[in-house]
Amino acid sequence: ARTGRRDRAGPLQPSTGRILTRLRNIRGKLGTPGRHLPSIMLAPFTVLLAASIARVPQDETPAYRPWIVEEVVSVLRETTSGGRETLATLESELLPEARKACSADEELRVAHRLLSAIPSSHVALFSKHAHDVFDHELLGEDAATLGFTLRRHDEGYAVVDVMAGGPASVADLRCGDRVLAIDGVAVSESPRLGLRTDDAHLPDRASHWVLGETSESVRFTILRGSESLEVAVVVAPYSSLRGDRAGARVIEVDEQRIGYGRLTYMYRRDTSKLMRPWLETTFLDCDGLVLDLRGRGGSQIAMWAVMAMFKDDKSVWTKPVVVLVDRETRSAKELLAKWFQDKRRGTVVGERTAGATRAGALHPIGDDYFLMCPAEPFADPEGLELVGLEPDVVVACTWPNATGGDAILERGIEVLLAE
């Protein structure tokens, strides 16, 4: 009942022979020793019993019993000291609606509305699957994946964050492809569409992972420009860390060599191990560096390790740097971009960042969900929470380009060449 799921096989309907056997047994029990109850007296009872048995449903689903929002509110009460009046108001407004929910999906929509009204970053309700994926990703570990994220835009669902060398990349699914259907089912109706993974209060575009087991082939109907295509992607073990390693490259423009490296996450233990070979070997003879911090966040401990590579003349890298950001850049990556800007160690190019610098803590909600809510105490010395970082060079970017264009990267290269 907690997940709104059950075995679809209803109780078996008794056969006619079994019904007659039951009736004979009842008739025998109702008779007295040496005498039988007349058939005429048994007839009404026979009709009632037969009708009752015939009404046994083939697919009777137990009524859904709402519970998610009440547990979310309970955890918020226990973990949040500020905003209690706001929480009390939301509770009085939305709990009655949640209690009327007829399915988990309905109640989850109410939960999202409640969380979106809490004025803080790092507030969201994740599925256990999403929690496990985040855990693997931040540790740089392989896990079953299709190698991309779906993000909701006004025009539909777009492919973003394609892992270089990952399953989607191998199948030629590209950033900016518009997904119309998954296995022939409209995206919003597909059972493969995971719960949202975006921050509830921030003006994030809804982000989802597509679900699948290792070796499963998932068919996507996409629109690339004006061309409709079918692309099959096979689920395989992979990680963003491997994608970042595979995606590092040297870009040659106007006889200049520019190193390009992306950090999809600030990995808890492997960020410096990832970047140091770039700076000391792969990009050693390059004239400048483009460090791509677009999307997600990660570990603040890793952030300090990255800073150490760029701090002074004795640093690993002393050449020009351009840092790319977008509206999804948050947490440790947002703070890192601010450091580059404040120290004049790099030029920040792109969109205003998310404004999500408050730390979040995770709390289990039943067996199927995790609530991320603000950790306390909280200090915001950089003044970025719910505000974001204004780039040095602003680039508007509304829809990823599947034909190969990347407005933020292209502008970043122009800025680097000018330096």
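Which residue in β4 is the bridge partner of R151? Keep that in mind as we walk through this predicted model, in which local features need pLDDT of at least 70, side-chain atom pairs count only at pLDDT 80 or more, and totals for chains, interfaces and linings use all residues. Residues are numbered from 1 along each chain as its sequence is written, and side-chain values use heavy atoms, with hydrogens and water left out.

**Stop 1: the whole protein**

Show everything as a cartoon. You should find twelve helices and 18 strands; helices (H or I, at least four residues) and strands (E, at least two) are DSSP runs, numbered from the N terminus. Of the 419 residues, 47% are buried, where buried means under 20% relative accessible area, exposed over 50%, and partly exposed in between (1.4 Å probe, protein chains only). Now turn on contacts, meaning heavy atoms within 4.5 Å. Among those between residues at least 6 apart in sequence, 72% join residues at least 24 apart.

**Stop 2: a hairpin**

Select residues 149–153, strand β3, and residues 156–160, strand β4. These strands form a hairpin with two residues between them. They run antiparallel and are joined by five bridges; two strands count as paired if DSSP finds at least two bridges between them. Here is the reply to our opening puzzle: the partner of R151 is A158. Next add β5, residues 178–182, which pairs with β4 in the antiparallel sense over two bridges. A158 has a bridge partner in β5 as well, namely R178. Colour β4 by burial and you will see that five of its five residues are buried.

**Stop 3: an open sheet**

Move on to the six strands that lie in the order β11-β12-β13-β14-β15-β18, an open sheet with mixed pairing. Its edge strands, β11 (249–253) and β18 (393–394), each pair on one side only. Helix α9 (residues 271–282) packs on this sheet and touches β11, β12 (256–262) and β13, and its direction makes about 170° with that of β12. Angles like this run from 0 to 180 degrees between N-to-C directions, with axes being lines fitted to C-alpha atoms, for helices over the stretch in contact.

Inside the sheet, zoom in on β13 (residues 288–292) and β14 (residues 321–325), which run parallel and are joined by four bridges. Click L291 and look across to its bridge partner in β14, V323.

**Stop 4: helix α11 and a lysine**

Select residues 331–342 to see α11 lying across β13, β14 and β15 (347–350), at about 145° to β14. K338 is found in this helix. Is K338 buried or exposed? Its relative accessible area is 14%, so K338 is buried. Leaving aside its neighbours within four places in sequence, K338 is in contact with E382, L384 and L389.

**Stop 5: helix α12**

Select residues 407–418, the twelve residues of α12. The helix reaches 17 Å from its first C-alpha to its last, close to the 16 Å expected at 1.5 Å a residue; the expected span is 1.5 Å times one less than the number of residues. Show the side chains of its buried residues: I408, L409, G412, I413, V415 and L416. They cover an arc of only 160° around the axis, so they sit on the same side of α12. That arc is taken from the directions from the helix axis to the C-beta atoms. What do these buried residues pack against? They meet β11, β12, β13, β14, β15 and β18.
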